[in-house]
Amino acid sequence: MLSSISIKNFKPFRDFHANFAPVTLMMGENGSGKSTILQSILILKQSVRENNQDISNLILNGDYCNIGNGRDALCRSSDDAEVISFRVEMQTTKSSDTTELKFKYEPEADFLQPTGQPIAATLFSDAKVTYLAAERTGPRLTTPFSKTKASAGDLGRNGTGSAAVLFANSSTVMSDKDPRIPKELVTRNILSVFNHYLGLISTGASIKVAGFADLDSVATTFNFENAGLLPIESIRPTNVGFGLSYSISIIISCLQAKPGDILLIENPEAHLHTKGQRAIADLICKTADTGVQIILETHSREILYWLRQKVINKELPAETVRLNYLSSSDRGEDSLQECPTLFPLSDQIGELGDATQEFLDHFGTSMDFIQNTHG
């Protein structure tokens with residue numbers, strides 16, 4: 001599990017530190033640096049993979065993220081324009097491992113060389129890192145199918161391979177002890193479990209996936225079943241909207257994740273009604289219960305409050321959930337040494353802190369205004 005990351009001279013952060021838990025929410029103002037924290041993790045994973053485990057260079061552009069050149073990577077208010085550095089702590093049940101990486105600044109380069117010898121980093125070597133960007137694949141009649149990528153569970157950062165992964169693994173039976181499987185579900189293959197969660201997001205919804213080997217593609221259709229009625233005729237994704245299509249990659253990423261994996265998901269709430277956001281939050285909690293670490297960049301109060309309620313009800317251990325709230329004061333010359341930490345929550349109902357009250361509308365001020373005006 002990723003325990004913490006320290007960032008120096010990278011993008012908006014001159015000197016920054018953030019801690020992580022099994023479920024971590026990154027929240028805050030637009031442009032406050034939430035995406036940069038995710039990119040810090042992704043750029044290191046990208047570099048480890050591209051350099052065959054030895055971090056001989058910091059790869060700025062690749063499958064996980066695209067930063068640009070050295071000038072784009074350097075903090076504009078840096079007081080040390082020579083070095084960009086990261087310090088990462090990984091924790092296992094037996095030990096912790098800290099890796100420190102320093103790279104020379106080159107303004108026009110699309111990769112940065114280390115200040116010393118290439119580092120034989122074991123960073124993320126035992127963890128599969130899956131990243132789902134905020135801009136995910138929307139309603140499509142077909143999406144590409146690669147047997148190699150589907151077998152490896154490669155969704156792509158936009159979730160383009162999600163339907164292919166679901167198709168390739170649809171008959172895989174999940175363990176009876178897996179907390180992601182609802183007790184009432186009789187058929188426990190991945191497709192059935194997937195459709196259970198899809199039905200929680202939109203009542204009665206399910207998906208069918210068909211493969212077309214000659215075209216190297218898969219096609220999806222949605223069904224909707226009303227209580228006591230037979231399913232209606234299959235509906236094209238392009239006639240349904242973005243919410244369910246955006247959810248496909250999140251659900252399958254959670255269901256295929258294994259202990260030790262790390263999921264990075266931007267805006268899991270996108271295009272979802274509050275009921276759907278709660279369903280996604282439930283699946284995230286159950287996935288974390290299997291030993292998967294999940295880091296969310298989100299603006300959803302619904303997800304935050306749903307997790308708070310679970311902690312307060314003692315359904316979720318407080319130490320397994322953390323909120324890192326960022327504001328514009330965390331950037332540049334005023335960059336904080338430590339990311340404000342508001343979780344883990346205790347099991348007592350309490351305030352989230354002054355920094356978040358206005359941002360999260362914690363006191364329900366909009367509803368108070370309506371009631372006071374029209375009450």
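**Figure 1. Overview of the predicted model and its contacts.** Among contacts in the protein between residues at least 6 apart in sequence, 63% join residues at least 24 apart. The model shown here and in the views that follow is predicted. Its secondary structure comes to 10 helices and 16 strands, and 51% of the 375 residues of the protein count as buried.

**Figure 2. The open sheet of five strands.** Strands are paired in a sheet through backbone hydrogen bonds, in either a parallel or an antiparallel arrangement. In this view the five strands of an open sheet follow the order β10-β14-β15-β3-β16, and their pairing is parallel. The edges of the sheet are formed by β10 (129–132) and β16 (321–326), each of which pairs on one side only. From one strand to the next, the twist averages 15 degrees.

**Figure 3. Pairing of β3 with β16.** Within the order of the open sheet, β3 stands between β15 and β16, and the pairing of β3 with the edge strand β16 runs in the parallel sense over six bridges. One position to locate in this close-up is M26, which stands opposite N324 in β16.

**Figure 4. Helix α7 and its surroundings.** Helix α7 comprises the 15 residues 274–288, which at 1.5 Å a residue should span 21 Å, and because its end C-alpha atoms are 21 Å apart, the model agrees with that expectation. The helix is mostly covered, with 11 of its 15 residues buried; these are G276, Q277, A279, I280, A281, D282, L283, I284, C285, T287 and A288. The elements that cover the buried residues of α7 include the strands β3 (23–28) and β15 (293–297), together with the helices α5 (190–201), α6 (242–256) and α8 (301–312). Of these covering elements, β3 and β15 also belong to the open sheet of five strands.

**Figure 5. Packing of α6 against α7.** Two packed helices are described by the angle between their axes and by the distance between those axes. For α6 and α7 the angle is about 20 degrees, and the axes lie 9 Å apart. Because angles under 35 degrees count as roughly parallel, α6 is roughly parallel to α7. The crossing of the helices α6 and α7 is left-handed. Where they meet, α6 contributes I250, I251, C254 and L255, while α7 contributes I280, L283, I284 and T287. The α7 residues I280, L283, I284 and T287 are also among those buried in that helix.

Definitions and conventions:
Residues are numbered from 1 along each chain as its sequence is written. This is a predicted model: local features need pLDDT of at least 70, side-chain atom pairs count only at pLDDT 80 or more; totals for chains, interfaces and linings use all residues. Side-chain values use heavy atoms; hydrogens and water are left out. Helices (H or I, at least four residues) and strands (E, at least two) are DSSP runs, numbered from the N terminus. The expected span of a helix is 1.5 Å times one less than its number of residues. Buried means under 20% relative accessible area, exposed over 50%, partly exposed in between (1.4 Å probe, protein chains only). Contact means heavy atoms within 4.5 Å. Two strands pair if DSSP finds at least two bridges between them. Axes are lines fitted to C-alpha atoms, for helices over the stretch in contact, and angles run from 0 to 180 degrees between N-to-C directions. Angles under 35 degrees count as roughly parallel, over 145 as roughly antiparallel, 65 to 115 as roughly perpendicular and the rest as oblique. A crossing is left-handed if the near helix is turned anticlockwise from the far one by less than a right angle, and right-handed if clockwise.
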